[in-house]
Amino acid sequence: MKHYKFIFLIALFAFSCGQQPASTENAAATEAPGAGQSAVKDDTSEPDVVRVAVGSPDHTTLVAALKAAEYVDALSNAGPFTVFAPTDAAFAKLPAGTVENLVKPENKATLQNILEYHVYVGAIREDYVQDGMKLNQVNLDNVTLNKKDGKITVNGANVLGVVKASNGIVYVIDAVLLPPDKK
Amino acid sequence: MKTHTIHRVLSVLVVLTTVVLWQGCKPKAPGSVTTGDAASLAYVPPGKYDEFYNVVSGGFNGQMSIYGLPSGRLFRIIPVFSQFPENGWGYSEETKPMLNTSHGFVPWDDLHHISLSVTKGEHDGRWAFGNANNTPRVARIDMKTFKTVEILELPNSGGNHSSPFITENSEYIVAGTRFSVPVGENTDVPISTFKENFKGYISFISIDPSHGEMKIAFQLKTPGISFDLARAGKGPSHGWFFFSTYNTEQAYTLLEVNASQKDKDFIMAVNWKKAEEYIKAGKGTKSKAKYAHNVWDESTHTGVSTIMDEVLQLDPAELKDIIYFIPCPKSPHGCDTDPTGEYIVGSGKLAALIPVFSFTKIQAAIANKDFEGEFAGIPVIKYEAALHGEVKKPGLGPLHTEFDNKGNAYTSFFVSSEIVKWNVKTLEILDRVPTYYSIGHLSVPGGPTTKPHGKYVVAYNKITKDRYLPTGPELTQSAQLYDISGDKMKLILDFPTTGEPHYAESIPAEMIMPNSVKIYKIEDNNHPYVSKGEGMTKVERKGKEVHVSMTAIRSHLTPDNIEGVKLGDEVFFHVTNLEQDWDVPHGFAVKGANNAEILVMPGETSTLRWKPLSTGIFPFYCTDFCSALHQEMQGYIRVSPAGSNVPLKFSTGKIEDQASGAGQ
């Protein structure tokens with residue numbers, strides 16, 4: 001836990017000196033009258049949840065998925081968001097080829113649904129979390145939070161670290177959350 | 001010779017044509033670089049008029065602003081709930097009573113929503129209404145003078161957010177409380193007794209059809225939840241009103257978490273015709289309540305505040321058939337009825353879908369008692385029984401929906417920062433455009449009426465960031481205008497707005513412009529201190545009060561020399577503008593005034609109170625550049641010690657000191 005926080009701090013620091021995360025992603029959109037909020041040039045403000053993810057060396061898969069699902073701008077907006085951010089290792093635990101398949105344009109809706117299952121509109125701080133608490137995620141399905149001896153899990157996935165962002169909170173988790181099958 | 005002339009004319013024509021063509025190829029404005037002909041679509045040439053008046057709430061400035069569409073030009077800020085030193089609103093003696101409440105003088109409020117008066121569901125151009133969110137009130141603005149002419153306080157309300165939405169023939173505007181509060185004799189209760197003691201009240205405010213005066217017709221006692229937004233039924237649903245609610249969890253702390261526990265809150269459907277029947281049958285109960293009713297009298301140019309002491313109330317938990325709840329996903333915000341009156345669009349602001357309810361189905365569900373249970377004694381209709389359908393995955397965080405004249409809806413999405421166009425009947429998503437950034441309300445001209453004017457949609461955004469040249473941490477608000485005349489929405493203009501606009505309405509210019517008042521007739525001025533000519537000016541002492549009845553006309557104030565005021569006196573400058581000419585206001589200011597200036601329109605009388613704190617000579621002057629000799633429009637008032645025997649005297653143009661030669 002502590003270890004992760006440390007990495008994140010370094011990542012945040014490194015990021016704050018760096019350039020904008022989404023500038024390449026939005027290069028194609030510059031023909032439009034303006035890119036979304038992710039393209040705002042601002043190296044002073046506290047990073048938002050997207051910049052936190054982009055700044056982390058352990059979330060390259062998540063960032064790629066957010067880009068493929070076109071959620072970079074939405075998550076750069078005012079929020080507030082609680083984002084459960086699976087690490088690259090968590091994505092790697094999925095059956096081989098799953099991620100490659102999901103980021104294909106024809107699977108955008110499925111990918112969006114999965115990502116929306118990782119986002120709650122509202123900032124749930126660690127100290128607000130109660131054992132058994134349910135959060136109705138952006139995709140309208142619930143996740144269940146558990147808290148035992150100060151350790152938080154979400155749908156059984158372990159929370160490895162928590163990073164406060166300007167527009168919400170990022171919980172780093174060790175598994176990808178899969179929405180329940182619809183009847 | 002003749003050929004030569006023809007040649008010369010031709011060559012001039014060729015040059016002219018070339019210039020015209022060349023000008024035509026030049027970019028019209030910097031904005032046109034972004035989207036083709038955007039600039040020309042929003043361009044109103046110098047001296048030409050806009051197509052629409054855009055009446056915009058000022059949010060935390062407590063005012064209402066008037067813009068033009070499509071140019072986005074700001075024409076006027078109308079002071080409503082907040083003091084406005086620029087013209088003396090809330091500072092002048094005449095306007096102070098307009099801001100009186102049961103809590104005393106309240107100099108600021110938060111104006112969120114606009115309703116323009118309607119007849120048969122269509123704009124009639126008579127009045128604009130606005131709500132005060134903080135100290136619950138509603139205001140009426142006369143669209144002939146663009147002046148706030150009435151403010152009515154709402155008792156038993158914690159915060160008037162769900163307001164001032166209007167019925168099809170301007171029978172009522174409504175006011176629903178955003179914060180439920182304990183009411184009645186004992187309000188000193190623990191906060192934790194929320195469920196037991198806190199109540200929500202909905203006021204139905206009747207509008208006099210001929211002169212517009214407002215009156216609380218009745219209040220509905222409703223459960224202690226939060227009422228967010230509302231819309232009246234129309235056409236077949238006329239006689240009903242729909243309110244969105246949140247915090248049906250009845251949380252009283254950390255609502256951010258605790259008011260988002262349930263998957264569904266409610267849309268509350270109110271059968272107000274049924275409420276009227278109960279009142280006729282004598283089922284209403286009169287309840288004690290203290291609230292202010294402030295009315296502007298145009299003949300005396302003065303506001304009068306009356307403290308009222310009772311309201312008529314109905315309890316829908318006992319009087320069945322007035323209200324019904326319909327489950328609606330996740331803290332619904334907007335609750336908008338389409339132009340046909342058949343569809344009610346709920347917008348669960350934390351949900352990623354838009355439920356659309358059918359009035360016909362709601363009626364059938366009520367008739368068949370298709371209820372899933374009760375909430376606080378009120379029947380809850382089954383979600384599916386009331387539902388026309390859902391717009392699936394339209395975007396994130398739907399807030400508000402407006403309509404065009406072609407059966408389409410436009411919904412704003414705060415979280416994903418976009419406007420999504422969809423078909424009301426088929427629920428099919430037709431188009432989406434980003435907004436910059438994080439849109440709140442949106443407005444289509446005539447959008448809430450039975451006959452939308454269509455053509456444009458304006459996005460009122462909550463975040464500005466890098467849209468304009470930065471001005472430090474505090475930025476202007478950002479609005480965007482989209483052309484919606486084609487299949488696809490097209491961004492044509494960015495424009496900054498003052499205050500923090502929430503809702504706005506737009507009305508065709510021709511419905512307002514011909515009625516706009518140019519001057520107040522001096523002969524109709526019945527102000528007690530009016531001077532209808534310079535010969536009628538005077539200075540009177542009434543104990544410690546000195547009343548100066550003064551006139552202003554290009555380019556002098558009468559009187560302009562005043563002596564005999566003593567320390568401890570209060571001076572009232574009653575300034576009458578004698579001009580009877582369009583757009584020649586005079587202003588008045590005196591050194592050391594602890595309030596503001598006053599701006600006096602032609603034919604009007606306005607009063608500035610001034611209490612000097614030291615002796616000496618104090619200049620006063622006209623603050624509105626009125627003429628070539630505006631700078632000479634000034635005077636002096638002398639303040640002597642408390643016990644002095646300087647006699648009271650006043651004059652203009654009288655030269656007393658013949659010896660020194662000064663002034664000759």
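These are my notebook entries on a predicted model with chains A and B.

**Entry 1: chain contact.** I looked up how the two chains meet. On the B side, 25 residues are in contact with 19 residues of chain A. I then sorted the chain B side by class and found twelve nonpolar, seven polar and six charged residues.

**Entry 2: cores.** I turned to the largest nonpolar core, which has 174 residues. Within this core, A:Val170, B:Ile267, B:Ile326 and B:Val457 touch the most other members. I followed up B:Ile267 and left out its neighbours within four places in sequence. Its remaining contacts include B:Phe242, B:Phe243, B:Ile326, B:Cys328, B:Ile344 and B:Phe357. B:Ser244 and B:Gly346 are also among them. I noted a second, separate core of 30 residues, with B:Leu557, B:Phe588, B:Ala593 and B:Val600 among its members. As background, nonpolar side chains in soluble globular proteins tend to be buried together.

**Entry 3: helix α6 of chain B.** Which residues of this helix, 359–367, are buried? I found B:Phe359, B:Ile362 and B:Ala365. Looking down the axis of α6(B), I see these buried residues fall within an arc of 120 degrees, so they line one face of the helix. The general rule is that an α-helix has 3.6 residues a turn, so residues three or four places apart point the same way. I also checked what covers the buried residues of α6(B): the cover includes strands β17 (264–271), β20 (323–329), β22 (343–348), β23 (353–358) and β25 (378–381), along with helix α7 (383–386), from chain B. After the helix comes B:Lys369, with a positive phi near 50 degrees.

**Entry 4: helix α6 of chain A.** I kept this one apart from its namesake in chain B. The helix spans residues 108–116, and its buried residues are A:Leu111, A:Gln112, A:Asn113, A:Ile114, A:Leu115 and A:Glu116. Among the elements that cover them are α3 (60–68), α5 (98–102) and β2 (119–121) of chain A.

**Entry 5: domains of chain B.** The domain assignment gives domain 1 as 52–515 and domain 2 as 528–651. Their C-alpha centres lie 43 Å apart. Eight residues from domain 1 and twelve residues from domain 2 make the contact. The domain 1 side has two nonpolar, four polar and two charged residues.

**Entry 6: strand β43 of chain B.** I checked residues 605–610 and found the strand mostly covered, with five of its six residues buried. Strand β40 (570–577) runs antiparallel to β43(B), and six bridges join the two. I traced one pairing: B:Thr576 has B:Thr605 in β43(B) as its bridge partner.

Conventions: Residues numbered from 1 in each chain as written. Chains lettered and ligands numbered in written order. Predicted model: local features only at pLDDT ≥ 70, side-chain atom pairs only at ≥ 80, totals over all residues. Contact = placed C-beta atoms within 7 Å. Nonpolar A, V, L, I, M, F, W, Y, C, P; charged D, E, K, R; others polar. Buried ≥ 20, exposed ≤ 12 C-beta atoms within 10 Å, placed from the backbone. Helix = DSSP H or I, 4+ residues; strand = E, 2+ residues; numbered from the N terminus. Core = buried A, V, L, I, M, F, W, Y, C linked by C-beta atoms within 7 Å. Pairing = 2+ DSSP bridges. Arc of directions from axis to C-beta. Domains from an automatic or database assignment.
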